[in-house]
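Here are my comments on the model you sent, written as numbered points that can be followed alongside the sequence and the structure. Please read them slowly, with the structure turned so that each named residue can be found.

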Amino acid sequence: PWGNEPGIDPSRANYPGENPVGHPTPVGLYPKGNTAEGLCDMLGNVYEWCGDWYSPYEAETRLKVGGPSTGGSKVLRGGAWLSFPRNVRSSYRGGDEPSGRHSLIGLRCAGELS
């Protein structure tokens with residue numbers, strides 16, 4: 001979320017790198033990892049639910065914005081406090097059933113600012 005440089009490190013996100021915290025943390029504890037727009041914790045801490053249904057990337061899926069119209073799992077992005085470090089990036093996507101509950105999964109409310 002902050003570009004390609006510098007890379008991820010423990011001052012930017014809650015992830016299982018050097019000296020892992022070992023649990024979710026309150027939003028905003030890693031200001032060095034904020035985006036240019038000021039969004040906090042876009043990587044690490046907890047995976048975030050997305051509105052898209054999950055399916056493996058295939059040629060026909062990549063061309064369709066939003067992925068399939070139905071499915072059994074929703075997309076999760078961003079990595080978490082206990083995920084493989086390689087998954088703590090904005091391009092990683094996983095999936096889970098919408099009824100799935102785990103300390104690795106959260107959500108971000110998004111809407112217009114007034």
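**Notes on the predicted model**

1. I begin with Lys74, which is buried yet has no salt bridge, the nearest side chain of opposite charge being that of Asp52, 6.8 Å away. Please keep in mind, here and in every point below, that this is a predicted model. A salt bridge is counted when a side-chain nitrogen of Lys or Arg lies within 4 Å of a carboxyl oxygen of Asp or Glu, and the separation of 6.8 Å between Lys74 and Asp52 does not meet that rule.

2. What does the side chain of Lys74 reach instead? It reaches the backbone oxygen of Gly51, at 2.6 Å. Lys74 belongs to strand 2, which covers residues 74-77, and, once its neighbours within four places in sequence are left aside, Lys74 is in contact with Trp49, Cys50, Gly51, Asp52, Trp53, Tyr54, Gly94, Gly95, Asp96 and Pro98.

3. Side chains of opposite charge can pair when their charged atoms come close. By the rule used here the count comes to one salt bridge, and Arg12 forms a salt bridge with Asp9, with the closest N and O atoms 3.8 Å apart. Are these two partners buried or partly exposed? Arg12 counts as buried because its relative accessibility is 14%, whereas Asp9, at 25%, counts as partly exposed.

4. The overall plan can be stated briefly, since the protein has one helix and four strands, and along the sequence these follow the pattern β-α-β-β-β. The four strands form an open sheet in the order 3-2-1-4, with mixed pairing. Strand 3 (93-96) and strand 4 stand at the edges with a single partner strand each, so one side of each is left without a neighbour in the sheet.

5. The mixed pairing can be followed from strand 1, which covers residues 47-53 and runs parallel to strand 4 (residues 105-106), the two being joined by two bridges. Strand 1 and strand 2, on the other hand, run antiparallel and are joined by three bridges. Glu48 is a helpful residue to look for, as its bridge partner in strand 4 is Gly106, while its bridge partner in strand 2 is Arg77.

6. Turning to the interior, 32% of the 114 residues of the protein count as buried. The largest nonpolar core has six residues, namely Tyr47, Leu76, Ala80, Trp81, Leu104 and Ile105. Apart from that core lies another, of five residues, among them Ala13, Tyr15, Leu43 and Val88. Trp81, not counting residues up to four places away in sequence, touches Asn14, Tyr15, Pro16, Gly22, His23, Pro24, Asn45, Ser103 and Leu104.

7. How many of the contacts between residues at least 6 apart in sequence join residues at least 24 apart? The share in this protein is 52%.

8. Finally, Leu39 lies in the segment before strand 1, and at 40% relative accessibility it counts as partly exposed. Not counting residues up to four places away in sequence, Leu39 touches Gly33 and Asn34. The C-alpha atoms of Leu39 and Val27, which are twelve residues apart along the chain, are separated by 9.8 Å.

Note on methods
Residues numbered from 1 in each chain as written. Predicted model: local features only at pLDDT ≥ 70, side-chain atom pairs only at ≥ 80, totals over all residues. Heavy atoms only, no water. Core = buried A, V, L, I, M, F, W, Y, C linked by side-chain atoms within 4.5 Å. Buried < 20%, exposed > 50% of the residue type's maximum accessible area, 1.4 Å probe, protein only. Contact = heavy atoms within 4.5 Å. Lys, Arg positive; Asp, Glu negative; His and termini not counted. Polar contact = N/O pair within 3.5 Å; in protein donor to acceptor, adjacent residues only side chain to side chain. Pairing = 2+ DSSP bridges.
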